[in-house]
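Biologist: Could you take a close look at one part of this model and walk me through how its pieces fit together? Please give the cut-offs behind your terms as you go.

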Amino acid sequence: MSDSSPVRTDTVVLDVWCELQCPDCRGALDDVRALRARYGDRLELRLRHFPLEKHRHAFAAAQAAEEALEQGKGWPYVEAVLERVEELDRGGESFLVEVARELGLDAEEFDTALIDGRHILAVDADQAEGKAIGVTGTPTYVIGGERLDGGKSQEGLRERVADIADRLLAGGTA
């Protein structure tokens, strides 16, 4: 049976290229929360890792975020770490494990994951893909094939993402 009505997409994917030791990513949390509130289940937020060399705990934090995702609390963990970027800078891996404990995650498993490196390949793959599509800093958003760089300025980004999401959800093109 053929349906000639316009194609409507039920969900839109927003890739959020993030680094958990990045103050600009912390600043972007309000935008991410507002977008999540506006779209609910119609917006699939995907955390993509882009640890920057200038932040010494960023790679470990990305691995920890993967472990949190595996334990069912990926975004709550990311938000908790980003809210306390300065503590991550001072505390490193012990801080990452403490945040896991505070969120009721298996902190011992976190510690083990950081030691055995089970999430290194996932972080490396995200970083390589980011470089391949032109990500140079964080936060960077990709929605509907369009890359929006939030590392330079957050000004107007939430509205731009919302405009693209609205078009995609209505079945238009970005």
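Modeller: Happy to! Helices (H or I, at least four residues) and strands (E, at least two) are DSSP runs, numbered from the N terminus. This is a predicted model, in which local features need pLDDT of at least 70 and side-chain atom pairs count only at pLDDT 80 or more, while totals for chains, interfaces and linings use all residues. Residues are numbered from 1 along each chain as its sequence is written, and side-chain values use heavy atoms, leaving out hydrogens and water.

Let's make strand E1 our part, and follow what it touches. E1 spans residues 12-18, and six of its seven residues are buried, leaving the strand mostly covered. Here, buried means under 20% relative accessible area, exposed means over 50%, and partly exposed is in between (1.4 Å probe, protein chains only).

E1 has E2 as a partner: seven bridges join E1 to E2, and the two strands run parallel. (Strands pair if DSSP finds at least two bridges between them.) Within this pairing, Val16 of the model stands opposite Leu47 in E2. E1 is also joined to E3, this time by four bridges and in an antiparallel arrangement. There, Asp15 has Val142 of E3 as its bridge partner.

Asp15 is worth staying with, since its side chain also meets that of Arg46 in a salt bridge, at 2.6 Å from N to O. Asp15 sits in strand E1 and Arg46 in strand E2 (residues 43-49), so this contact ties together parts that are 31 residues apart in sequence. A salt bridge here is a side-chain nitrogen of Lys or Arg within 4 Å of a carboxyl oxygen of Asp or Glu. How covered are the two ends? Asp15 counts as buried at 8% relative accessibility, whereas Arg46 counts as partly exposed at 34%. The pair does not stand alone: a network of salt bridges links Asp15 and Arg46 with Arg48, Asp126 and Glu129. Across the whole structure there are 18 salt bridges.

Now over to the E3 side. Just ahead of that strand, the loop between helix H6 (120-132) and E3 holds Pro139. The peptide bond leading from Thr138 into Pro139 is cis, with omega near -5°. E3 itself covers residues 140-143, with Thr140 and Val142 pointing one way and Tyr141 and Ile143 the other way. In a regular strand the side chains alternate between the two faces of the sheet. In E3, the residues pointing either way are all buried.

E3 then passes into a hairpin with E4, with two residues between the strands. One residue of this hairpin, Gly144, takes a positive phi near 60°. E4 covers residues 146-149, and four bridges join it to E3, again antiparallel. Among the paired residues, Ile143 has Glu146 of E4 as its bridge partner.

For context, let's leave the strands and step out to the helices. Pro23 is found in helix H1, and it is partly exposed, with a relative accessible area of 44%. Its C-alpha lies 8.8 Å from that of Glu86, although the two residues are 63 apart in sequence. Further along, Arg33 forms a salt bridge with Glu79, the closest N and O atoms being 3.1 Å apart. That contact links distant parts of the chain, with Arg33 in helix H1 (residues 23-39), Glu79 in helix H3 (residues 74-82), and their positions 46 residues apart. Glu79 counts as buried at 12% relative accessibility, while Arg33 is partly exposed at 30%.

A shorter-range example is Arg84 with Glu87, whose side chains meet in a salt bridge at 3.0 Å, N to O. Arg84 counts as partly exposed at 21% relative accessibility, and Glu87 likewise counts as partly exposed, at 29%. Nearby in our tour is helix H4 (residues 85-102), which includes Gly92. Gly92 is buried, with a relative accessible area of 3%. From Gly92 to Ala107 the C-alpha distance is 14 Å, across 15 residues of sequence. Helix H5 (residues 107-116) is home to Glu108, which is exposed, with a relative accessible area of 66%.

Back at our chosen part, then: E1 is joined to E2 by seven bridges and to E3 by four, and Asp15 of E1 belongs to the salt-bridge network with Arg46, Arg48, Asp126 and Glu129.
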